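Biologist: I would like to learn how to read a sheet and a helix pair from coordinates. Could we take them in turn?

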Amino acid sequence: MNLLEIQNLSKKYDGKNVLQDINLYLKKGTTLGLIGPTGCGKTTLLRIIDLIEKPSSGKITFNSREIPKNKKDQLDIRRKMGMVYQKPIVFKGTVYDNICYGLKIRGKNEDSYQDKIKDLLESLGLGGYEKRDASTLSGGETQRMALARALVTDPDLLLLDEPTANLDPQSTEKIENFMKKLRDERKTTVILATHNLIQGQHLSDEIAILNKKIFQIGKPEEVFRKPKSRFVAEFVGVRNVKKGISRRVEDSLTLIDTGTINVYSSSMMEGDVYMSIRPEDITISRSKVQTSALNEFNGEIKEIKDSGGILDLRIDVGEVFSVYITRKSFTDMQLTIGSRVWLEFKASAVNVFKV
Amino acid sequence: MNEIINAFFEAIHLLVTLDPEVIEITLRTLYISITSTVIAAVIAVPVGGYIHFRKFRGKRTIINIIQTLYSMPTVLVGLLVFLLISSQGPLGSLELLFTPGGMIIGQTILVLPIITGFTILALSGVKDEIRDLSLSLGASEFQAIQTIMSEAKYALLGAIILGFGRAISEVGVAMMIGGNIRGYTRVITTTMSLETSKGNVELSIALGIILLMIALIINLVLNYVQEK
């Protein structure tokens, strides 16, 4: 069942589109990673979902109920959500005062929440911090306290706006571990806005690539392996993006002409297209070998980038391809700049998307 | 020179022996200034809050006018209130001229701009994110405003103390509206003004020391509050 449904939502500031035609469906108990570059509209979308800002158009349904116009009814819905901001912000007072804020404004008796507050603080590595002045906490501690502050009221939906953007790796890891617990053990429904692809991929059941509009939404591995647009391909760091014209050559095979080479693909898309081939899906050999791979090209190593255990080779076969190879293979094959090699990759490794 | 030293010792004597006239004038001064500050605060803090939280055309101009009125001459306020409450004025029937009530009205008008202006300043000092944070944690708009007020409470208290400092040290309104009637409207500043002109400096020095001590206490409280 969907907890949140967003249909055709747009937001304009001074006539400029900040968000355009957003459609999102969020199932209960899942984590959605909202991933996009800085300024892509992530924060605005979260603020609209949290009913702090109004959309210019579109429809939002929360728990099967359309967002009402009436402020009091809106407050009831807003109280079912919690949010953690990118910037660590605290109210004046102790950690305990901060955590109890949501309870106080809801008129709840703090006394019956003592065990819960203690559990939350302990699971966030802040056991015994209750009486500390909140303004003296470090950035990482403040963000963990902010998580406790948002979670103490048991929200149906937790909105996280780049919660680790300003933190050191250790603090980031602590928050990420806690978020894994939220997802796997507590089954909290979460929207995590982040520009960090790896974080989004690890912590989300589904990811949405956002840049004013949603370019693609799906399981992380699907979005990473098969980007559906050039923006997503480039954003998720897909290499070897080439433009060409695709035509069908057999029932389940197309040939893409880039102007310099012809690449077989198992995609059925025809016309002007982009394709991408992941560097790890390309193999190289010194001499032509018999393989099942339909795409075979001979070329020359133009550049070698050493990044630890894996080397990134740039090989010119008419188009320049990036290929990853282990240091052992590189040494065994006695490769160097100028070496002639064969590239092989399967037609099914060629991901095709419309221009 | 000797006369000044003698007057100073005489003043100390008046203070140490808790001279009834000195005590009476001090208590009346505190009563009038505290009452006018409280009334002004009750009006100015919500008005300052309204100006801060609402977006409207001419907001900047209003804030500029309020800030200009910080240095409004006390005799001008005295004149304005005099015209209002004199027997020929629109509020003449209330018979407030030369009464503590009239002085309270005058001092309230005098300190209203200071408390309003510094309320706006105090609220501007609270980070914008606090409002969003309150709302996102489930606060209503009103609760969010309460939270911002609470975050600014020490700065707001500072604004009120500043207003009190202005009220207790002014002489124009007290003289023009109160008339310096002995045992009725005479306050520290008007007494000092009159007694000094009569050559009765020991009473003036004694009251001056009290005024200075009040100023010192205000300053200490203000410092303490601002450190919070």
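Modeller: Let us start with the sheet, bearing in mind that this is a predicted model. In chain A, five strands form an open sheet in the order S13-S12-S11-S14-S20, and their pairing is antiparallel.

Biologist: Which are the edge strands of chain A here?

Modeller: They are strand S13, covering 262-265, and strand S20, covering 350-354, each of which pairs on one side only. Ignoring direction, neighbouring strands of the sheet are turned against each other by 45° on average.

Biologist: Over how many bridges do S12 and S13 of chain A pair?

Modeller: Strand S12(A), residues 253-257, pairs with S13(A) over four bridges in the antiparallel sense; at the level of residues, Thr254(A) has Ser265(A) in S13(A) as its bridge partner.

Biologist: Now to the helices: what describes two packed helices?

Modeller: In general, one gives the angle between the two axes together with the distance between them. In chain B, helix H3 (residues 59-68) packs with helix H5 (residues 100-124) at an angle of about 130°, and their axes are 8 Å apart. Because of that angle, H3(B) counts as oblique to H5(B), and the crossing of the two is left-handed.

Biologist: Which residues make the contact of H3(B) and H5(B)?

Modeller: From H3(B) come Ile63(B), Ile66(B) and Gln67(B), while H5(B) contributes Pro113(B), Thr116(B), Gly117(B) and Ile120(B). Sorted by character, the residues of this contact between H3(B) and H5(B) comprise four nonpolar and three polar ones, with no charged residue.

Definitions and conventions:
Residues are numbered from 1 along each chain as its sequence is written. Chains are lettered from A and ligands numbered from 1 in the order in which they are written. This is a predicted model: local features need pLDDT of at least 70, side-chain atom pairs count only at pLDDT 80 or more; totals for chains, interfaces and linings use all residues. Two strands pair if DSSP finds at least two bridges between them. Axes are lines fitted to C-alpha atoms, for helices over the stretch in contact, and angles run from 0 to 180 degrees between N-to-C directions. Angles under 35 degrees count as roughly parallel, over 145 as roughly antiparallel, 65 to 115 as roughly perpendicular and the rest as oblique. A crossing is left-handed if the near helix is turned anticlockwise from the far one by less than a right angle, and right-handed if clockwise. Two residues are in contact if their C-beta atoms, placed from the backbone, lie within 7 Å. Ala, Val, Leu, Ile, Met, Phe, Trp, Tyr, Cys and Pro count as nonpolar, Asp, Glu, Lys and Arg as charged, and the others, Gly among them, as polar.
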